[in-house]
Amino acid sequence: MKIAFAKSGLPKVGSLAVGVLDGGILSPTAQMVDDASGGTLARAISASRFSGKAGQTLEIIAPTGMDVDRVIAIGLGKAEDIDGACLEKFAAAAYAAVEKAPATELTLAVDVIADTKEPVGILAAHAAFGAKLRSYRFDTYRTQEKPEDKPALKTVTVATNEVNAAEAAFAQLDAVAEGIFLTRDLVAEPANVLTPPAFMRKAKALSKDGIDVEVLDEKAMEKLGMGALLGVGQGSSQPSQLVIMRWNGGKKSDAPVAVVGKGVCFDSGGISIKPAAGMEEMKGDMGGAAVVTGLMKALAKRNAPVNVVGILGLVENMPSGTAQRPGDVVTSMSGQTIEVINTDAEGRLVLADALTYTQKTFKPQVVIDLATLTGAILIALGGENAGLFTNNDDLSQALTAAGGKTGETVWRMPMGKAYDEMIKSDIADMKNVGGREAGSITAAQFLQRFIQDDTPWAHIDIAGVSWGTKTKGTTPKGASGWGVRLLNTWIAETFETEGNAKSDKKKAAKK
Ligand code: BES
Ligand code: MN
Ligand code: ZN
């Protein structure tokens, strides 16, 4: 599906979405519709419960006096509440209304309305972004679909007075959309296709976007003493991989931001095997690694003035004659020993070594890890928030703020010594599970044992948000790509300040 921008006005073909404010106040294009159709829109509004509240829609099919096939009136709420997120929802609602319709063209009218929170160009860019995100579909393996069941929409045109401003703002958002789509693709891909080596090759392909990609194979990881990560992969016929992606858009002297992802390409549970029901969902247990990969792509595509290193721990957790057993003791790269009580608590073992490697190699100024780490976080927070665990209050605040801005919200969970004591082992430095109670927290405590004291660190448990069972706003059901926007915004607002290499260059060029 193509996104285009055009001057405001009534289109000649396809479907047209127009905004209506709370109280039934017509936006300028909605007024043009009403005039052209001899008052049909106003009549339809008064004949229905539609009043322009955010989230409401009203469809008029084949309006008399107009060229378009259908008009979708969409509630925008109160003018003073209208922001980018509001226009993303507007676009998603319009898309949903025409998804099954035969029209190939959809026009989204984004008009100038007094008192909105953002200028119309920005609002128009967000409408385009929302339409793009909502249009995502993973159809690689649908070979028998009838043409009439496929989406007909070919072009979404955003009609606005500020075409140039909208196009410029959309270029930045489109880079993020590309990253989100990559994340969604990776999560949706089945585990027989997306093995650790296949994932590694997808990451390597990012070098065409200007990202340096390096890979450690099992031999290299053995040399470094990564017994925790390698133990998880030892039951699989697929070799484990550690992928290191570097985006150097900032000053040479700036320590990088590090983002580390759990990449369990399939989690059968290993010898502590999972029940059959729902096990297929564990193809998505590389969701953290997928977010890191999508984020790197987004940063590169928008040429972000910042240094970021993305690390993926890629393994497959399988039962076999070579698999690790409950009771095994492994030695991590940090030197700490771990008693593996349950082979299904494997993500933390992978992250332990990936985190140690990241800190030792890059001395990052901050470390974030993302992981589909625990079923318990889904029980605690559902699909509404990801779980945030951190040793740093400023970081907590910054991530929470970025979550609020992007709609990818996090909820901070407690940590502390009493929880840490739950993972004491009788024969090793720690065990990999702390019992059923506080399962997401003991998992975070385990990770914290691999964080060097003063490094600001956050762990984001995305087990509840990386996959959705129903379509929500701009996110179709299935792989959500949750986290790319959050981290992209957090990075942009925290690290891409004046004085970075690329912004300096831009300034110099302007002078
Ligand atoms: N990958 C799972 C967590 C998970 C569960 C993600 C459901 C997405 C949906 C993780 O490796 C796991 O198996 N965790 C166990 C930990 C337990 C053995 C301590 C869990 O949550 O049950
Ligand atoms: Mn597991
Ligand atoms: Zn897992």
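This is a dialogue on how to read some strands, a helix, loops and spaces in a predicted model.

Visitor: Where do I start with a strand such as β2, and is β2 enclosed or open to solvent?

Guide: Start with burial, which here means under 20% relative accessible area. Seven of the seven residues of β2 are buried, so the strand is largely enclosed by the rest of the structure. The burial applies to both faces: Ser15, Ala17, Gly19 and Leu21 are buried on one side, and Leu16, Val18 and Val20 are buried on the other.

Visitor: Which way does β2 run against β5, and how many bridges join them?

Guide: β2 and β5 run parallel and are joined by seven bridges. One residue pair to look at is Ala17 with its bridge partner Ile72 in β5.

Visitor: What is the pairing of β2 with β6?

Guide: β2, residues 15-21, pairs with β6 in the parallel sense over three bridges. Ser15 has Leu106 as its bridge partner in β6, and Ala17 stands opposite Leu108 in β6.

Visitor: In which sense do β2 and β3 pair?

Guide: The sense is antiparallel, over two bridges, with β3 covering residues 25-26. Leu21 is matched with Ile25 of β3. The two strands form a hairpin with three residues between them, where Gly23 takes a positive phi near 90°.

Visitor: Now β6. How many of its residues are buried?

Guide: Four of the five residues of β6, residues 105-109, are buried, so this strand is largely enclosed by the rest of the structure. β6 also runs parallel to β7, residues 155-159, with five bridges joining the two. Leu106, the partner of Ser15, stands opposite Val156 in β7.

Visitor: What unit do β6, α4 and β7 make?

Guide: They make a right-handed β-α-β unit. The helix, α4, covers residues 120-134.

Visitor: How do I check the length of α4 from its first C-alpha to its last?

Guide: Compare the span with what is expected at 1.5 Å a residue. α4 has 15 residues and reaches 21 Å, close to the expected 21 Å. For reading side chains along a helix, the general idea is that an α-helix has 3.6 residues a turn, so residues three or four places apart point the same way. As for burial, 14 of the 15 residues of α4 are buried, so the helix is largely enclosed by the rest of the structure.

Visitor: What should I know about the sign of phi?

Guide: Most residues other than glycine have a negative phi. Asp115 has a positive value, near 75°, and is not glycine. Asp115 sits in the loop between β6 and α4 and is exposed, with a relative accessible area of 61%. Asn303 is another non-glycine residue with a positive phi, of about 55°. Asn303 lies in the loop between α9 (287-301) and β11 (307-317), and at 36% relative accessible area Asn303 is partly exposed.

Visitor: Where is Ala62 placed?

Guide: Ala62 is in the loop between β4 (57-61) and β5 (70-77). Ala62 counts as exposed, at 54% relative accessibility. Its C-alpha is separated by 9.6 Å from that of Ser15, 47 residues apart along the chain.

Visitor: What is the strand order in the open sheet of three strands?

Guide: The order is β12-β13-β17, with mixed pairing. β12 (329-331) and β17 (430-431) are the edge strands, each pairing on one side only. β12 pairs with β13, residues 337-339, in the antiparallel sense over three bridges. In that pairing, Val329 has Glu339 as its bridge partner.

Visitor: How many cavities of 30 Å³ or more are there?

Guide: There are two. The largest has a volume of about 70 Å³. Its lining includes Gly19, Ala109, Asp111 and Leu123, and the lining divides into eight nonpolar, three polar and one charged residue. The second largest cavity holds about 40 Å³. Residues including Gly231, Asn317 and Thr343 line this second cavity, and its lining has four nonpolar, five polar and no charged residues.

Visitor: What is the volume of the second largest pocket?

Guide: About 570 Å³. Of the 24 residues that line the pocket, Glu99, Tyr136, Arg137, Arg142 and Pro151 are the closest to its centre. The lining of this pocket divides into twelve nonpolar, three polar and nine charged residues.

Technical notes: Residues are numbered from 1 along each chain as its sequence is written. Chains are lettered from A and ligands numbered from 1 in the order in which they are written. This is a predicted model: local features need pLDDT of at least 70, side-chain atom pairs count only at pLDDT 80 or more; totals for chains, interfaces and linings use all residues. Side-chain values use heavy atoms; hydrogens and water are left out. Buried means under 20% relative accessible area, exposed over 50%, partly exposed in between (1.4 Å probe, protein chains only). Two strands pair if DSSP finds at least two bridges between them. A crossover is right-handed if, with the strands pointing away from the viewer, the path from the first strand over the helix to the second runs clockwise. The expected span of a helix is 1.5 Å times one less than its number of residues. On a 1 Å grid over the protein atoms alone, a cavity is a set of points where a 1.4 Å probe fits but cannot get out, and a pocket is an open set with protein on both sides within 12 Å along at least five of seven lines; lining residues have an atom within 4 Å of a point. Grid points are joined across faces, edges and corners, and a volume is the space filled by probe spheres set on the points. Ala, Val, Leu, Ile, Met, Phe, Trp, Tyr, Cys and Pro count as nonpolar, Asp, Glu, Lys and Arg as charged, and the others, Gly among them, as polar.
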